[in-house]
Amino acid sequence: MSLVLNEDQTMLQQSARDFCREQAPVAVLRHLRDSKHPDGYSAEVWQSMVELGWAGMAIPEAYEGFGFGYSGLGLVLEETGRTLVPTPLVSTVLLSATLINLAGNEEQKLELLPGIARGDSVVALALEETAIHNPLHIELKAVKTGSGYILNGNKDFVLDAHVADQFIVVARTEGESGHQHGISLFTVDAASQGVEVQRLNMVDSRNAGNISLVDVEVPEEALLGQENKGWAALSRTLDIGRIGLAAEMLGGVQEVFERTVEYMKQRTQFGVPIGAFQALQHRAAIMYSEIELCKSLVLKALYELDRGEEAEDIPALASMCKAKLSEIYMLVTNEGVQMHGGIGMTDEFDIGFFLKRARVAQQTLGDAAFHRDRYASLRGF
Amino acid sequence: MHDLEAFRAETRAWLEDNCPASMRTPMPEDEVVWGGRNAVFRNPDSKLWLERMADKGWTTPTWPQEYGGGGLDKAHSLVLAEEMQRIAARPPLVSFGISMLGPVLLEMATHEQKLEHIPKIVRGEIRWCQGYSEPGAGSDLAGLGTKAILQGDDYIINGSKIWTSYADQADWIFCLVRTDFEAPKHSGISFILFDMASSGVSTKPIKLISGNSVFCETFFDDVRVPVSNLVGRLNDGWTIAKRLLQHERTMISGFGLSSGRNNRGGLADSLAETAMLYRGDVVELSDPVLRDQIAQFRIDSEAFTLTSQRSAQEAKQSKGPNATSSVLKNYGCELNKRRYELALQAAGTQALGWESLTEDDSDFSQQELAVARQWLRSKGNSIEGGTYEVQLNVIAKRVLGLPDMTAMVGNTAGKQGATGQNSAAEKTATES
């Protein structure tokens, strides 16, 4: 088992870091927010990322991807987490492409994956139906008709909803909410009759939206995977998503921490840099230790993901990553603001952007409490 | 490669023939072999096992053969470790000579000193203890005051040490003494070895809150030690002390490993199962708060284990500073403390018994009693080997590069008592 980066990975990390620093700094997010940008992300920046191959990072070569695996995508996500650049990377590449690859048939993969790898398509996963992450709580109904299905129901907090051209809708074709059996996955064209999207303005200034489906008709070919048996692929996709999101959070955690330590060395009070005070030094040292643990978890999880069939313990690793990173992103952003003092409270200063992103990222795909609960069940207690 | 595989086959066969069956079972605390003149072998097999392993130098597989070690390189010693692990063989010998003193002697002692001491460490003939801390020199270790004054070919040593682990059972001591009383405090210390049977040495066990007495007070009253027992250069003992502390910290951080999932037989090693057992839970731990805390503890434990592995892999590639040992030591100790606090919650009042008053332990089982004692013992984890706070100072200054207040307000190192409590501790930490 390798917990250190190899040469290729180190190069990828460096180039991703350089790109994000130079072409996608926090200023990009700030500008998108301040200009009330209609898309909520920069098409130019996204296009450059696509040209670097990031959109096809974890898509197999057979579908025009680059087969660099999740370790590669994880490194890219980590770097985007350092500058908070909003792109369809999470919604489309991490979640939707993964789900299509796991659940779709050959025809569906050929139809959908190359478009994602080329950056032509934004695909959003429509999953949540409540304010608290609960992937088994699925009430949106899909009823079989002669030629396909009719979908009715609502979805909340769909990432990139208002810019997506396709949705993957998690629906119930049988059974009751809370059950794994009876969950089915459908691809739905965003322009379909009966689909309505309400954009949400979240604290982190990233794209999310609520959608409602009223008598939306889809053909039989829209079914992704087998009827009633969507849970396995969905569940694995969510774990991959949690690990990828943890990688992004790890980037944010390190960035906030490094900025804070730097500030502690510069800011002078009582005639000395505030970093000379032991009260602050100890808190910084504690954060440093926690971050070392976070790194190990994310590296291990990404490493396992790329072992394919031989991957071990993915659900528990995903929950460990998401629980730990949620906890530590909260710690580090809170301490970051506090240690910056008054300036940390100003909008002009970037640190607040990380605080806001941290909370949304914590809630996305389950917070620390959700994942500790899940981990306990997985470990048998 | 071929050589390694051949070695593996030979080793496997040799272990098969020479490792007694009872040495392949989990080792109770009282069967650990510490060696020494008064070595105790609760299980006669462990004496046999020690002798056989020592004959091959495999109590210290990587030490040079000329001093009795196994002479194996990294790769071969790994094979030996794997083969021992395969049959769950017990370590034949555990000692401070192996884990702390030996590596430092090999690096810094003269050939004659190595010839005298290393073979006896390898064979478990001499048991060592560490004379570092003093009543007035804990975190501020360099403030130590035990004196060694030259008189002819001998040093005359006077003073006392505290927290000397197993001093009452040790044969020899490696000791920090002050040999220059005018120099700044770090520059007047020497590292010296002497026999605990020397005239003028006495020890007194310290009874701890756990009821055990692993530590002692050690007193030196005109103890005569030959000059030739000095290791390294005169007044350069601090350099050796620092090296040795690194070994000690690595050893202590091992406490945090194997927590949570692994089975060492104690109640605290299966916290969740224990908690369920004492509550009569079948499917799920019924106390949601404790369940959450145990989950958090186990996640941290797993992350800690991974971090230890990553740190070892990075060390191999010699990437980054070797500051991880402070991170690991601290985190390992905190985890161990958390584990025992959770164990108390898991088993309620049954984990709070002091001793059994019944013949058949029907009031408290030995395992339950052990939890209370180990819980109390664990409180020392973040004090010994450099306190939690001192380790945080090290991380802050050495790893994060945060400014040193003592440097800014003007540190008058020099003689003892010249610096404030805080700054002295930081000075020690930064340099150790």
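Reader: Which residues of chain A does the UniProt annotation "domain: Acyl-CoA dehydrogenase/oxidase N-terminal" cover?

Author: This is a predicted model. The annotation comes from an unreviewed UniProt entry. In chain A it covers residues 6-120.

Reader: How much helix and how much strand does the chain have over residues 6-120 of chain A?

Author: The end C-alpha atoms of this stretch are 31 Å apart. Its content is 67% helix and 0% strand.

Reader: Which residues does UniProt list for "domain: Acyl-CoA dehydrogenase/oxidase C-terminal", and how far apart are the end C-alpha atoms there?

Author: The unreviewed entry lists residues 228-374 of chain A. Over that range the chain is 76% helix and 3% strand. The end C-alpha atoms are 23 Å apart.

Reader: What does the salt bridge between R82(A) and E255(A) tie together?

Author: The two side chains meet at 3.0 Å, N to O. R82(A) lies in helix 4 (residues 69-83), and E255(A) lies in helix 7 (residues 231-266), so the pair ties together parts of chain A that are 173 residues apart in sequence.

Reader: Is R82(A) buried or exposed, and what about E255(A)?

Author: Buried means under 20% relative accessible area. R82(A) has 3% relative accessibility, so R82(A) passes that cut-off. E255(A) has 10%, so E255(A) passes too. Both count as buried.

Reader: Which other residue, E258(A) or D239(A), forms a salt bridge with R82(A)?

Author: The N to O distance of this bridge is 3.0 Å. The partner lies in helix 7 and R82(A) in helix 4, so the pair ties together parts that are 176 residues apart in sequence. The partner is E258(A).

Reader: Why does E258(A) count as partly exposed?

Author: Partly exposed is the range between under 20% and over 50%. E258(A) falls in that range because its relative accessibility is 38%.

Reader: Where do R242(A) and D239(A) lie, and how far apart are they in residues?

Author: They form a salt bridge, with the closest N and O atoms 2.9 Å apart. Both residues are buried. Both lie in helix 7 of chain A, about one turn of the helix apart, which is three residues.

Reader: Which residues are linked with R82(A) in a network of salt bridges?

Author: R82(A) bridges to E255(A) and to E258(A). Both of those residues belong to the network. The other members are R17(A), R30(A), R33(A), D34(A), E79(A), R259(A), D347(A) and D350(A).

Reader: How many salt bridges does a search of the whole structure find?

Author: The search runs over all chains. The pair R242(A) and D239(A) is one salt bridge in the structure. The total is 57.

Technical notes
Residues are numbered from 1 along each chain as its sequence is written. Chains are lettered from A and ligands numbered from 1 in the order in which they are written. This is a predicted model: local features need pLDDT of at least 70, side-chain atom pairs count only at pLDDT 80 or more; totals for chains, interfaces and linings use all residues. Side-chain values use heavy atoms; hydrogens and water are left out. UniProt positions are given in the numbering used here, feature names are shortened, and annotations may be inferred rather than shown by experiment. Helices (H or I, at least four residues) and strands (E, at least two) are DSSP runs, numbered from the N terminus. A salt bridge is a side-chain nitrogen of Lys or Arg within 4 Å of a carboxyl oxygen of Asp or Glu. Buried means under 20% relative accessible area, exposed over 50%, partly exposed in between (1.4 Å probe, protein chains only).
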